[in-house]
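Here are my notes on this one, written as I went through it. Have the viewer open while you read, and tell me where you'd put the emphasis.

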Amino acid sequence: MTVSIVGVGLHPFGRAEVSGREMGLIAARAALDDAGISWNDVDFAAGGSRDSGHADALVSELGLTGVPFISVYNGCGTAGSAILTCTQAIEAGAAEVALAVGFDKHARGPFDSTAAEYGLPDWYAQDGMMVTTQFFALKTQRYLHDHGLDARLLGEIAAKALRNGSITPHAWRRKPMSVDEIMAATMVNDPLTAYMFCSPSEGGAAVVLMSTERARQVSDRSIEIKALEFRTRRFGTFEVFSPWLAPEITDGATVHAARAAFEAAGVGPDEIDVAQLQDTEAGAELMHLAECGFCAPGDQARLILDGELEIGGRLPVNTDGGLIANGEPIGASGLRQVIECVLQLQGRAGDRQVPNAPKTAFTQVYGAPGISACSVLAR
């Protein structure tokens with residue numbers, strides 16, 4: 001049995017007066033409306049949030065129908081966990097209609113993660129290593145060095161994100177910036193300047209899923225989940241919130257998740273028409289392009305400078321501005337990626353619509369302490 005998405009809903013990302021929980025409710029109701037069903041039709045749900053409460057408690061407002069509702073949390077991979085849980089319930093025959101929802105409302109400033117949450121000693125936090133900008137910069141700096149890449153490529157990636165965000169109604173950062181402005185901005189951790197980073201933000205996102213057989217009966221625009229794979233780190237990978245490094249670095253979780261997703265879907269990276277990649281900062285998108293198989297390590301410069309990653313390019317990436325333009329409400333950001341791909345495949349993306357009627361899409365999220373979820377979608 002395969003699974004398809006029949007409805008999507010978003011609460012705009014950024015800063016809002018309502019609570020994170022309310023954003024989740026707004027997104028869930030929008031997804032139900034988009035699918036043309038009510039909460040009473042849902043027979044399974046899963047969702048998550050880092051800072052805004054338990055997702056399963058949304059039944060207080062959605063309706064006390066007795067539906068199984070599982071709360072999940074996997075850092076930046078929370079949304080991937082929610083969709084995976086719903087998908088597996090449908091595939092197992094335990095449900096025919098499911099709702100995946102994620103939401104968050106983070107305080108301004110960095111995430112307040114503690115070392116103990118990740119099994120790390122106190123000194124790791126006391127020395128400032130829980131501030132993730134240092135890790136991202138260190139990993140990016142090493143990657144640029146090892147593959148002979150110019151740091152200006154990071155500015156190109158951020159400029160693309162802000163251009164795309166400027167034409168995305170639900171994005172937080174709606175002002176485009178030039179590469180020169182981004183490169184000249186305040187240096188946070190070399191080589192990453194202030195506008196190359198995403199920020200903790202607020203938002204909600206939800207999708208309604210059905211068995212593909214039922215989806216085709218009720219909708220003429222359903223999008224099939226061809227594959228959804230979730231992986232954790234292996235020995236020797238270079239990960240955020242890791243206090244040591246093996247003598248030889250091995251492939252990260254994204255390499256294995258992406259490879260498994262393409263294998264399960266029966267398609268290759270060269271067959272993808274639009275992609276959403278985790279861009280916690282510009283260096284992440286740069287590295288994930290290669291980790292997901294869209295180019296060889298070091299070949300990113302050609303893709304970026306030749307415009308292949310633009311909305312009108314061969315492989316449009318982060319068409320809604322990604323995390324850099326939307327910020328990251330942890331529970332919702334992975335679902336935002338999926339929703340953007342669904343809208344692109346349905347031809348409903350407005351000013352940012354990818355031309356030539358895209359047929360396949362790919363999403364990838366990466367999070368601490370070394371997890372990755374990848375999906376392949378198709379119409």
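Where does Thr212 sit? Its place is in helix α8. Before going further, keep in mind that this is a predicted model.

1. Thr212 and its surroundings. Thr212 has a relative accessibility of 4%, so it counts as buried. Setting aside residues up to four places away in sequence, Thr212 touches Thr2, Val3, Ser4 and Glu224. I'd display those four together with Thr212 when looking at this part of helix α8.

2. Helix α6, the basics. This helix covers residues 152–166, which is 15 residues. From the first C-alpha to the last, α6 reaches 21 Å, close to the 21 Å expected at 1.5 Å a residue. Eleven of those 15 residues are buried, so α6 is largely enclosed by the rest of the structure.

3. What α6 packs against. The buried set is Leu153, Leu154, Gly155, Ile157, Ala158, Ala159, Lys160, Ala161, Leu162, Asn164 and Gly165. Note that a lysine, Lys160, is on that list, as is Asn164. The partners of these buried residues are spread along the chain: α5 (132–147), α7 (179–184), β6 (192–193), α10 (282–291), α11 (300–305) and α12 (322–326).

4. A salt bridge from α6 to α7. Arg152 pairs with Asp180, and their closest N and O atoms are 2.8 Å apart. Arg152 belongs to helix α6 and Asp180 to helix α7, so to speak two distant parts of the chain, 28 residues apart. Arg152 comes out as partly exposed, at 34% relative accessibility. α7 is also one of the elements that the buried residues of α6 pack against.

5. The other salt bridges. The count for the structure comes to 18. One of them joins the side chains of Arg221 and Asp34, at 2.7 Å from N to O. This pair links parts of the chain that are 187 residues apart: Arg221 is in the loop between α8 (212–218) and β8 (223–232), and Asp34 is in helix α1 (residues 20–35). As for accessibility, Arg221 is partly exposed at 31%, whereas Asp34, at 18%, counts as buried.

6. A buried pair. Glu340 and Arg352 form a salt bridge, with 2.9 Å between the closest N and O atoms. Glu340 lies in helix α13 (residues 330–346) and Arg352 in the loop between α13 and β10 (360–367), so the bridge ties together parts that are twelve residues apart in sequence. Both residues are buried. Elsewhere, Asp299, Arg302, Glu308 and Arg314 are linked in a salt-bridge network, which deserves a look of its own.

7. Cysteines. How many disulfides does a search of the whole structure find? Zero. For Cys76, the nearest cysteine sulfur is that of Cys198, 7.8 Å away. Cys76 is buried, at 12% relative accessibility. For Cys341, the nearest cysteine sulfur belongs to Cys374 and is 12 Å away. Cys341 is buried too, with a relative accessible area of 0%.

8. Ala264. This residue is in helix α9 (residues 253–265). Its relative accessible area is 47%, which makes it partly exposed. Leaving out neighbours within four places in sequence, Ala264 is in contact with Lys226, Ala227 and Glu229. Ser333 lies 69 residues from Ala264 in sequence and 24 Å away in space, C-alpha to C-alpha.

9. Cavities. The structure holds two of 30 Å³ or more, and the largest has about 100 Å³ of space. Which residues line the largest cavity? They are Phe135, Phe136, Lys139, Thr140, Thr280, Glu281, Ala284, Met287, His288, Glu291 and Tyr366. α5 and α10 each supply at least two residues of that lining, and both helices also turn up among the packing partners of the buried residues of α6.

Note on methods
Residues numbered from 1 in each chain as written. Predicted model: local features only at pLDDT ≥ 70, side-chain atom pairs only at ≥ 80, totals over all residues. Heavy atoms only, no water. Expected span 1.5 Å × (residues − 1). Buried < 20%, exposed > 50% of the residue type's maximum accessible area, 1.4 Å probe, protein only. Contact = heavy atoms within 4.5 Å. Salt bridge = Lys/Arg side-chain N within 4 Å of Asp/Glu carboxyl O. Disulfide = S-S within 2.5 Å. 1 Å grid on protein atoms, 1.4 Å probe; cavity = no way out; pocket = protein on both sides within 12 Å on 5 of 7 lines; lining within 4 Å. Points joined across faces, edges and corners; volume = space filled by probe spheres on them.
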